[in-house]
Amino acid sequence: MANSRKPARSDPSDALTEAVAADLAQRLLSLRRPRVALACSGGRDSSVLLDVLARLRADFDFELLAFHVHHGLSVHADAWAEQVEQQAAALGVPAQVARVRIDRAPQTSLEALAREARYGALDRLCAAHAVNVLALAHHADDQAETVLLQLVRGAGLPGLAAMPRWMEGTPAARWRPLLEVERAAIDAYAQARSIDYVDDESNAQLHLRRNAVRHEVLTPLRRQLPHAALAIGRSARHVQSALELLREIGAADLASVRTAQGLSIAGLAALSDAHRLNALRTWIETLRIPAPSDARLAEIWRQMHAAQASGQPYVAHAGGRFMRHRDTLAYVGAAGEGGAMVSAEEERLGWPAEGAWRLPAWQGAFHAVPAAVGLTQAQLQQGRWHACARSGGERLRIAANRPSRDLKHWYQTLGIAAWQRTGAPLLWLDGRLCCVPHVGMAAELVSSGDERFAIEWRPDAERSEEHTSELQSPC
């Protein structure tokens, strides 16, 4: 359980504190009201970082909180949570404990499930407490272990890049100030400052891959090369630089092949093999789905490229599908922008004051945006709204000088892909069809003038903002 370390004769804590302070000064420059939270397990590494940040908060004028995630996987879990609360209270740091439940599924990694649950809980805590920087206590040895594990998996550059020191994100940026600090220096700090911490008994279980790499690979390697962890970390930073350059090249290539609905097949075919695969990898990263293997990605491209433009081929991946429609390659999820049709219906009286009507079952929202031609405030606020799937036979007139047509006609005329037709609901106002995503709004319901509002359908931003913006559909 808890270990108490006696102070060493020399005090090595100043060097570690100064290293964190130098990085902290750079990170906080762009933040108006810095609010930092530390993911604190109660173990040595996070306990040391908690002490360091508590010493620095007055000089750098930031608020500090301690977040602990209680997994319930150890008989000591309650004691660890209490340890964190006591540590934080002694330093005058507010602490929050989040309890998560890990549902063990067959053929799944308990470590991976716990990690996913932990980061999910930390993100929720950051959002709830307006935290803009989440500090993590990963150090140089952790980074080296990660690189070695990725190597034996045969990982590509994203895997070998391992953990970034700083990563922007929502709701908070993730910051690892100890990533270039070895475990021995952290242990020396704990002894010098008499830091109490807990020992997780699972760290000695060699059936866990990371522990095996730590004890049976990295420890013997360090006997021959004392600073092997730092050297491996430098290699990871070189990979991160190379990966950043490839992403910049990929983004430039993507800009040349993007269309309103996805990526141009012809545009991709015009790229060299290396540029095409890099562009596809960059695109898949923006979708925030697991990356396929190189062989799988090559097969996806082969099938999409070889298919007839009139066909609708697809390759299942990560719960969704890569699909081709005419000259367009797109990825559609299990629902929302392109899975099976959603049968959910929702109704409400009056438009939400925040301007967006969120429809969770459809994984998106209707937004009311100012426009020269659109609905009036009275229509929005007093209307009876109904969102539902297409049932067949619906008709729409999108302009006063154009005839009313059934939706099949508009979909074919405007080249709307099959997955886009079923991936968003129709919107009705007072029993009349008002908005069809990707097509338009009913001409008889809109007018020109001041304070008019158009309705847009926007899928959830689980993909990058850049990708989502291209999927926004004015009705």
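This is a short walk through the sheets, cores and a few chosen residues of one predicted model.

Okay, let's start with the six-stranded sheet. Its strands run in the order 4-3-2-5-7-6, the sheet is open, and the pairing is mixed. Which strands stand at the edges? Those are strand 4, residues 95–99, and strand 6, residues 166–167. Each has a single partner strand, so one side of each is left without a neighbour in the sheet.

If you look at strand 4, its pairing with strand 3, residues 63–70, is parallel and covers five bridges. To find your place on the screen, look for Ala66, which sits opposite Ala95 of strand 4. Then bring in helix 4, residues 110–128. This helix lies across strands 2, 3, 4, 5 and 7, and it runs at about 145 degrees to strand 3.

Now let's stop at one residue on that edge strand, Gln96, which is in strand 4. Buried or exposed, or something in between? Gln96 has a relative accessible area of 32%, so we call it partly exposed. Leaving out residues up to four places away in sequence, Gln96 touches Ala66, Phe67, His68, Leu125 and His129. You can also check its spacing to Ala39: the two are 57 residues apart along the chain, and their C-alpha atoms are separated by 10.0 Å.

Next, a pair of helices. Helix 2 covers residues 44–60 and helix 7 covers 183–192; their axes come within 10 Å and cross at roughly 65 degrees. The crossing is left-handed. Who makes the contact? From helix 2 we have Arg44, Asp45, Val48, Asp51, Val52 and Arg55, and from helix 7 there are Arg183, Ile186, Asp187, Tyr189 and Ala190. Sorted by class, that contact has five nonpolar residues, six charged ones and no polar ones.

While we're on arginines, have a look at Arg27, in helix 1, residues 13–27. Its relative accessible area is 16%, which is under the 20% cut-off, so Arg27 counts as buried. Apart from neighbours within four places in sequence, Arg27 is in contact with Arg165, Trp166 and Trp175.

Let's move along the chain to the four-stranded sheet. This one is open too, in the order 9-12-11-10, and its pairing is antiparallel. Strand 9, residues 263–264, and strand 10 are at the edges with a single partner strand each, so one side of each has no neighbour in the sheet.

Strand 11, residues 320–325, is mostly covered, with five of its six residues buried. With strand 10, residues 314–317, strand 11 makes an antiparallel pair over four bridges, and you'll find His317 opposite Gly320 there. With strand 12, residues 328–332, strand 11 pairs antiparallel over five bridges, and here Phe322 has Tyr331 as its bridge partner.

What about the turns? Strands 10 and 11 form a hairpin with two residues between them, and Ala318 in that turn has a positive phi of about 55 degrees. Strands 11 and 12 form a hairpin as well, also with two residues between them, and there Arg326 has a positive phi of about 55 degrees. Helix 11, residues 273–287, lies across strands 9, 11 and 12, at about 35 degrees to strand 12.

Last stop, the cores. How many residues does the largest nonpolar core have? It has 35, and those with the most contacts inside it are Trp351, Phe366, Leu375, Trp385, Leu427 and Ile455. Several elements each supply at least two residues to this core, including strand 15 (364–374), helix 14 (407–414) and strand 22 (447–459).

To get a feel for that core, click on Leu427. Ignoring neighbours within four places in sequence, its contacts include Trp351, Trp357, Phe366, Trp385 and Ile455, along with Arg432 and Cys434. There is also a second, separate core of 32 residues, and among its members are Ala21, Val48, Val133 and Ala190. You've met two of those names already: Val48 of helix 2 and Ala190 of helix 7, both from the helix contact.

That's my tour, so over to you.

Note on methods
Residues numbered from 1 in each chain as written. Predicted model: local features only at pLDDT ≥ 70, side-chain atom pairs only at ≥ 80, totals over all residues. Heavy atoms only, no water. Core = buried A, V, L, I, M, F, W, Y, C linked by side-chain atoms within 4.5 Å. Buried < 20%, exposed > 50% of the residue type's maximum accessible area, 1.4 Å probe, protein only. Contact = heavy atoms within 4.5 Å. Pairing = 2+ DSSP bridges. Axes fitted to C-alpha atoms, helices over the stretch in contact; angles between N-to-C directions. Left-handed = near helix turned anticlockwise from the far one by under 90°. Nonpolar A, V, L, I, M, F, W, Y, C, P; charged D, E, K, R; others polar.
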